[in-house]
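Q: Could you take me through one part of this structure closely, step by step, and then place it beside some other features of the chain? I am in my first year, so please explain each term when it first appears.

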Amino acid sequence: MLSEWNMFLNKLYHTHFVFLAYLFFLSAGVFCQQTNLDKTISVSYKGESLGRVLTDIEKRADVRFSYSPRKIPENEKITITLDHVSLRKALQEIFLSLPVRYELIDEYIVLKKGPVKSLEGADQQEKKITLNGYIKDNKTGEVLIGATVYIKELELGVITNNYGYFSITLPPGRYTMILSYIGYRELQQKVDILANTKFDFSLLSDPEELEEVTISSFQKEEVIFKMNSSKSEIFPSFVKLQPSLMGESDVLKTLEFQPGISFYGDGSSYFHVRGGYYDQNLILLDDATVYNPSHLLGIFTPIIPDAVKSVDVYKGDFPVQYGGRLSSVVDIRTNDGNKNVFSGSASIGLISTRASFEGPFKKEASSFFVSFRRSYFDLYLKPSQENLLHLYFYDFTTKVNIRLGKKDRLFATIYRGKDNFRTKNEDADTSGINWGNTTGTIRWNHIFGSRVFMNTTMYSSRYDYYLHSSIQRGEYWNSRITNFSLKEELTFYATPVIKWHYGIKLGFYAFNPGNFYSGNQMDEYQVSPINSSELVLYSGAEHEVFPWLKLNYGLRFTGWSNYGESFVVHYREDYTRDFIEYYEKGERFYTHQSIQPRLSASFKTGRISSIKASYNRTNQYINLITNSISPFSSLEVWLPAGPNIRPQYADILDLGYVQAFASDRITLYTDVYYKWMYNQIGYEYHANMLINPEIEGEIRQGNGWAYGFEIALQKEGGKLNGQIAYTYSRSFLSFQELNEGRTFPATQDRPHVLNLSAVYQARPRWLLSANFTQASGTAITTPTSFYNYRGYQVPVYSEQNNDRLPPYTRLDLSTVIQLNKKKKKFNHSLTFSIYNMLGIENPIYLNFNKTLADDELLVPADKLNPPDQTSSMRYTFKMLPSFTYQFKF
């Protein structure tokens, strides 16, 4: 068996190298299919405009020019005679005294604004050199993700990648570099670039007062043109200013105010993106997957805000590097740690305390970051709950950042989060539940030459859920998913307008769908475990074809296989068991491959406006198996695609428009999308999901589709910052075996969502913030009639999700008061929040097992002759005030 496994790995590696060689061949082919500059021409012009000269050369040399009349002096008079010279030499002579440079992009000669060249410089027109480096925070040494590097003379810009790295190829010369990043002061610097050069730049952060936040017009122009459609960025500094439940800042809960994203209700961490189910969201923490984003059954989420450096949210137009889910990717990057000085922060709130520390091991060379949080609900409840032993959650995040040399960096991240709830039974035995996420990442960055950036990442994730019936006797039910992956990524900065991405990933998964243990051991599996492997290969390019057109295109291949030791239950057409097939350890019993094309375009319609269009196909091989509609459940079973579960996949179309106004501080975002979803997961009515060896027989698969419109108006900079957003979204499902084959709205179908968030700097030390949301109610199933049978009232259900909960409305307010009059080494503040200021009772579910007696809802005591049933609703929170004390040093 070991030899077979080695043969399998050899096949994977062989396929990988063949694939990469093919991709490099393709990318090289792109540069070969270019205009021949060595062809000979003869021309003579006397006082002709540059525009006419270019038109004449197009006819004589059978070439095509592309340029913007606003940037090229096409009315400039040209007098020149050239006899039997190469096209290359002719262009050098014509542009010798003009601020024009040219580049070859496929079959086009693209003209751009450039410096006036000397005779010596003209001979170097075709010589290209590369400027590369990192953009950092001046105080902490943290790299800045998404910072803009702009060359003023060439009107050429790039944006730093997820590791703060940039690379740009340009002719030798003296240039003005403009570096900018939101919340940081713009830096302009003259540089002489005569050879391949590596520069690291540092930006100084603005004061925390919002009126001082600056947004570079160059940065805005580059970001609007080059950004992916349906992408949002969440800045941790703004997360901490938002009103929050019980004063607990929450990165993931902030997504609620992004268009196209809706949460189930108060106190739930489950969110739906553009009509998709919540297991279709991929949450990454430094590349490792967080499978269950909940604390206290979803009231809070596990990401400590102080540990977060950046959050990118993709709702469509997924870059080729991302895959594995149908609806969204939430890419969270953690802080690297302060490389210059030791610092820390802490906060004390009503339900938890958190603290963070960071500093250098060796100044400017290595650093660490550590953050932890623990709740103390049990301290409040133990006096009134005699049987309560534990009720708490905790999070721990740490990261180490080491610079190994000028071209090498090493990062290591560990995250651990856990919930624990235990009670004492009447017989002095102990029962309870606990669940938790654990992730680990080791990442190595290396720069080859000046134009190839390599990122090697090894990461692992694990999610466990335990339901203890007796801790003393070691009796519990456990479900688990574990994965280990190795990923290799290369970014090739081929030209200033073409950037290639290549990657390979090998992943290994272990699934325990839920088994019962006694005496801390299990005699035999009740539900079969499954081991899986995943091979991912991808290649894609970011290609600025013209100054007004940018294309992203790529291809992603996924190969999925399942292995024993395992058993598979085979079913008849009516989903009854046919036979069971057993597989030895390492024996492969299922395989599937998929190709996922990615294509998007950005059309520049003005200096700070663009139209976006994209098509994506994405596959999902990992499924959350649960028929619970409760927003407060962390009991999760994960199963892979296999003989009885077909892989989910989706085709997504998106069309958007982005426009900035008023000195670039106000931005309009609009999106229209349509999503076809195949092999969606549904369940037989009254399905048994716990300790069921035939759990896959309870699954039904069908198709779904979602469509919608999103519009958001965002204000950045000045005293007032905020966003107003409206989403119209529909989501439908169709299963042959469910709802009599009729189409019905999905649970996550919420047609209308209106969000408003605002932060106002009232005084230098006083800040106010508010969030308002109003949304259609969640789709639910209610009886359409009742009938009496032998004294019992029986509900009749005629259609699935035929009704809705009442509309959801909530207003949150908060204020932050800086207690220091001036910024010092030690700074502290108080935050006061009111959650659900209007006190609206937003229901989370509806019951029909209540009776009405004296205007009170009671559980029927007379089971033989119960009166008529009536509905009752339950809500989580009314108005809930809180405060938090924070300090930094």
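A: Strands E10 and E11 pair in the antiparallel sense, over seven bridges. A strand here is a DSSP run (E, at least two residues), numbered from the N terminus, and two strands count as paired if DSSP finds at least two bridges between them. Within this pair, Gly-173 stands opposite Ile-193 in E11. The model is a predicted one, in which local features need pLDDT of at least 70 and side-chain atom pairs count only at pLDDT 80 or more, while totals for chains, interfaces and linings use all residues. Residues are numbered from 1 along each chain as its sequence is written, and side-chain values use heavy atoms, with hydrogens and water left out.

E10, which spans residues 173-180, also pairs with E7, in the antiparallel sense and over four bridges. There, Ile-151 has Met-177 as its bridge partner in E10. E7 is joined in turn to strand E8 (residues 156-159) by four bridges, and these two strands run antiparallel. Thr-148 is matched with Ile-159 in E8. E7 and E8 make up a hairpin with four residues between them, and in its turn Glu-155 has a positive phi of about 50°.

Taken together, these strands form an open sheet of four, in the order E8-E7-E10-E11, with antiparallel pairing. E8 and E11 (187-193) are the edge strands, each of them pairing on one side only. From one strand to the next, the twist averages 25°; such angles run from 0 to 180 degrees between the N-to-C directions of axes, which are lines fitted to C-alpha atoms.

Which way do the side chains of E7 point? In a regular strand, side chains alternate between the two faces of the sheet. In E7 (residues 148-151), Thr-148 and Tyr-150 lie on one side, Val-149 and Ile-151 lie on the other, and all four are buried, with the result that both faces are covered. Buried means under 20% relative accessible area, exposed means over 50%, and partly exposed lies in between (1.4 Å probe, protein chains only).

Another sheet may be set beside this one. It is an open sheet of five strands in the order E14-E19-E20-E17-E18, with mixed pairing. Strand E14 (231-234) and strand E18 (288-289) stand at its edges, each with a single partner strand, so one side of each has no neighbour in the sheet. Strands E19 (residues 308-314) and E20 (residues 328-334) pair in the antiparallel sense over six bridges, and Ser-310 has Arg-333 in E20 as its bridge partner.

Charged side chains provide links of another kind. Side chains of opposite charge can pair when their charged atoms come close. A salt bridge is counted when a side-chain nitrogen of Lys or Arg lies within 4 Å of a carboxyl oxygen of Asp or Glu, and the structure holds 33 of them. One joins Arg-274 and Glu-710, at 2.8 Å from N to O. This pair links distant parts of the chain, 436 residues apart: Arg-274 is in the loop between strands E16 (271-273) and E17 (281-285), and Glu-710 is in strand E40 (residues 699-715). Both Arg-274 and Glu-710 are buried.

A further salt bridge connects Asp-429 with Arg-473, whose closest N and O atoms are 3.1 Å apart. Asp-429 lies in the loop between strands E25 (408-424) and E26 (430-448), and Arg-473 in the loop between strands E27 (452-470) and E28 (475-495), so the pair ties together parts that are 44 residues apart in sequence. Asp-429 has 6% relative accessibility and therefore counts as buried, whereas Arg-473, at 47%, is partly exposed.

Arg-730 and Asp-749 form one as well, with their closest N and O atoms 3.0 Å apart. Arg-730 belongs to strand E41 (residues 720-734) and Asp-749 to the loop between strands E42 (744-745) and E43 (752-763), so parts 19 residues apart in sequence are tied together. Arg-730 is buried, with a relative accessible area of 17%, and Asp-749 is buried at 0%. Finally, Glu-142, Asp-286, Lys-309, Asp-336 and Lys-399 are joined into one network by salt bridges that share partners.
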